[in-house]
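I opened this one to jot down what I could look up about a pocket, a helix and some charged pairs. Notes follow in the order I took them.

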Amino acid sequence: MNALEIKDLTKHYGDFTLDHLNLTLPGGCILGLVGENGAGKTTTIKLILNAIHRDGGSVKILGRDNMDVKQDLGVVLDGAGLPMELNPMQIGKVMALTYKNWRQDVYEQHLAWMELPGKKPFRKFSKGMKMKLSLAIALSHDAKLLILDEPTSGLDPVARDRVVECIRRFVCDEEHAVVISSHIVSDLEKLCDYVAFLHRGRLLLWEEKDQLLEKYGMWHGSREALAELPGDAVVFQKGNAYSGEAVVLREKLPNGTKLSPVSIEELFVAMMKEAEV
């Protein structure tokens with residue numbers, strides 16, 4: 001069963017439109033939402049959570065309409081919305097009354113793993129600590145789908161690695177899945193099985209990450225050699241008077257053409273610029 005199915009999802013906001021978004025996420029996988037500020041990542045997440053009204057289309061989670069599955073969702077958003085005067089242990093007691101499958105033992109394990117003080121008031125937490133506490137909560141009530149909006153924002157490299165490891169552990173079987181948006185594209189590249197590129201409310205691309213990296217490559221050479229590349233092979237190019245580089249489709253180039261791997265970030269920037277031409 002697919003963890004998430006989005007069909008023709010549409011939302012209008014003044015001069016912004018999320019335009020007929022279509023995505024599918026199989027169980028046991030992680031989907032990364034990539035896009036510039038204002039691309040529609042947060043709008044998409046809010047629509048998945050049924051936090052805002054959709055103007056068209058459908059969202060199914062675990063085969064059911066997203067209005068019926070709140071207990072199966074673990075959510076980490078920018079701004080935790082937790083009681084400022086309570087500490088993590090007190091917050092755990094509140095969550096036990098909120099989620100029917102709350103696991104206090106699992107919650108305390110995550111607090112220890114993330115090195116969070118159990119008796120320090122939430123208002124005294126740093127941004128990174130607040131994000132880690134939100135993730136600990138999301139991982140402690142047997143959620144089937146995690147929705148994470150910028151979960152590594154504000155974390156130092158060591159803390160980011162711990163969060164990434166927690167997310168990896170969560171999807172070790174086909175009964176769990178994750179949707180994650182992040183400006184730290186290197187984290188998405190390490191984590192994700194599928195990648196969706198959003199630009200100005202439109203889906204530029206959605207595909208398995210490994211297939212993307214096999215499909216595209218980075219070419220480097222002289223300005224003259226760049227001009228001789230087949231036009232249908234070049235996704236995006238740039239250069240100076242002497243040299244150039246291009247994101248290319250591997251299958252459109254002759255066998256033996258020397259290419260280097262392209263990163264998800266380089267590929268997104270190339271496709272975004274191509275979409276603006």
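**Pocket notes**

I started with the second largest pocket and asked which element feeds its lining the most: α3 does, with four residues. I should log here that this is a predicted model.

I then checked which elements give two or more residues to that lining, and got α3 (104–113) and α5 (157–170). The volume of this second largest pocket came out at about 320 Å³.

Next I pulled the lining residues by name. Arg103, Val106, Gln109, His110, Trp113 and Leu139 are among them. The list also includes Asp142, Ala143, Cys166, Arg169, Phe170 and His176. Sorted by class, I have six nonpolar, three polar and three charged residues in the lining.

**Arg103, followed out of the pocket**

Arg103 was on my lining list, and I wanted to know which side chain it meets in a salt bridge. The partner is Asp105, at 3.2 Å from N to O. I looked up the exposure of both. Arg103 has 34% relative accessibility, so I filed it as partly exposed. Asp105 has 40%, so it goes down as partly exposed too.

**Other salt bridges**

How many salt bridges does the structure hold? I noted nine. A reminder to myself on the background: side chains of opposite charge can pair when their charged atoms come close.

I picked out Arg54 and Asp65, whose side chains meet in a salt bridge at 3.3 Å, N to O. This pair links distant parts of the chain, eleven residues apart. Arg54 sits in the loop between α1 (41–48) and β4 (56–61), while Asp65 is in strand β5 (residues 64–65).

Buried or partly exposed, I asked for each end of that pair. Arg54 is at 19% relative accessibility and counts as buried, because the cut-off for buried is under 20%. Asp65 is at 24% and counts as partly exposed.

I also wrote down Lys238 with Glu245, a salt bridge whose closest N and O atoms are 3.6 Å apart. Lys238 has a relative accessible area of 46%, which makes it partly exposed. Glu245 is partly exposed as well, with 24%.

**Helix α1**

The Arg54 loop sent me back to α1, which stands at one end of that loop. Why is α1 largely enclosed by the rest of the structure? Six of its eight residues are buried, so the rest of the structure surrounds most of it. I listed the buried ones as Lys41, Thr43, Thr44, Ile45, Leu47 and Ile48. I added a backbone note on Asn50, which follows α1 and has a positive phi, near 60°.

**Whole chain**

I left the totals for last. I counted nine helices and 13 strands in the secondary structure of the chain. The C-alpha trace spans about 65 × 40 × 35 Å along its principal axes. Of the 277 residues in the chain, 48% are buried.

For contacts, I looked at residues at least 6 apart in sequence: 65% of those contacts join residues at least 24 apart. The exposed area of the chain is about 13,600 Å², and I noted that carbon and sulfur atoms supply 49% of it.

Notes
Residues numbered from 1 in each chain as written. Predicted model: local features only at pLDDT ≥ 70, side-chain atom pairs only at ≥ 80, totals over all residues. Heavy atoms only, no water. Salt bridge = Lys/Arg side-chain N within 4 Å of Asp/Glu carboxyl O. Buried < 20%, exposed > 50% of the residue type's maximum accessible area, 1.4 Å probe, protein only. 1 Å grid on protein atoms, 1.4 Å probe; cavity = no way out; pocket = protein on both sides within 12 Å on 5 of 7 lines; lining within 4 Å. Points joined across faces, edges and corners; volume = space filled by probe spheres on them. Nonpolar A, V, L, I, M, F, W, Y, C, P; charged D, E, K, R; others polar. Contact = heavy atoms within 4.5 Å. Areas by Shrake-Rupley, 256 points an atom, 1.4 Å probe, with all protein chains shown as cover.
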